[in-house]
Amino acid sequence: PTLVHDGKPIVDSSVICEYLDEVFPGPRLTPEDPVQRASMRAWMRFLEEVPTAAIRVPSFHMALAQRFETLDAARFRGEVADIRPLRKHFYRRMGPGGFGREDVEASLDELNRTLERMQAALAGGPWLMGQEFTLADIIVMPAIDRLADLGLAGMWEDHFPRVTEWYARLQARPSFAKTYGPGSRLSEGMKIRPLAPA
């Protein structure tokens, strides 16, 4: 993602969030205390490296890969995978039929680790950083909402009650409805295929 502000491009979702928090007036989404701020940034690094990467596998496997089912392996590689230098190996691993069971299970395991970590952190307050709603909550929101969109909300509803409550609080915020307006979810534009049983 890219934000162009005053003619200058700002790239990457987390960087854009921090930039907006610094440049525009309104409630601060970064703690004032330097230790808390460092803790929030540690959350952000984890969220960028683990759930943000992991959510791509079920997203592509359950929804987006269906667009390529009619392609043979050679056409898929030449017309889909190899034209994307930054994601070439990701697409090659997926192939026209979706990801293999091992890739799907590994991504779901990483997402489950995220939910476990969130469950533990939410013991200290309604938000990941305690009483304060911060950029950490915003950065993890797309991965959690995508899981719900894919029909995988049972991952937290069945095991992590604090995450269930956190997601309900998040959905009640006016900004949530603005973020996820009509047409913004995968399930609104394509069929979501279920995960094969393990």
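**Exercises on a predicted model**

H61 has its place in helix α4, where helices (H or I, at least four residues) and strands (E, at least two) are DSSP runs numbered from the N terminus. The model is predicted, so local features need pLDDT of at least 70 and side-chain atom pairs count only at pLDDT 80 or more, while totals for chains, interfaces and linings use all residues. Residues are numbered from 1 along each chain as its sequence is written, and side-chain values use heavy atoms, with hydrogens and water left out.

**Exercise 1.** Determine whether H61 is buried or exposed, and list its contacts beyond four places in sequence.

*Solution.* Begin with the cut-offs: buried means under 20% relative accessible area, exposed over 50%, and partly exposed in between (1.4 Å probe, protein chains only). The relative accessible area of H61 is 11%, so H61 is buried. Next, apply the contact criterion (heavy atoms within 4.5 Å). With neighbours within four places in sequence left aside, H61 is in contact with G97, G98, F99, V104, R193 and L195.

**Exercise 2.** Compare the expected span of helix α7 with the distance between its end C-alpha atoms, and locate its buried residues.

*Solution.* The expected span is 1.5 Å times one less than the number of residues. For the 21 residues of α7 (residues 101–121) this gives 30 Å, and the end C-alpha atoms are 30 Å apart, which agrees. The buried residues of α7 are V104, S107, L108, L111, T114, L115, M118 and Q119. These residues cover an arc of only 140° around the axis, and therefore lie on the same side of α7; the arc is that of the directions from the helix axis to the C-beta atoms. On the other side of α7, E102 and A120 are exposed. The packing partners of the buried residues include α2 (34–49), α4 (56–62) and α8 (135–149).

**Exercise 3.** Describe how β1 and β2 pair, and examine phi at D6 and D12.

*Solution.* Two strands pair if DSSP finds at least two bridges between them. Strand β1 (residues 2–5) and strand β2 (residues 8–11) pair in the antiparallel sense over four bridges, and V4 stands opposite P9 in β2. The two strands form a hairpin with two residues between them. Most residues other than glycine have a negative phi. D6, in the loop between β1 and β2, has a positive phi near 55°; at 66% relative accessibility, D6 counts as exposed. D12, in the loop between β2 and α1 (13–23), has a positive phi near 85°. With a relative accessible area of 38%, D12 is partly exposed.
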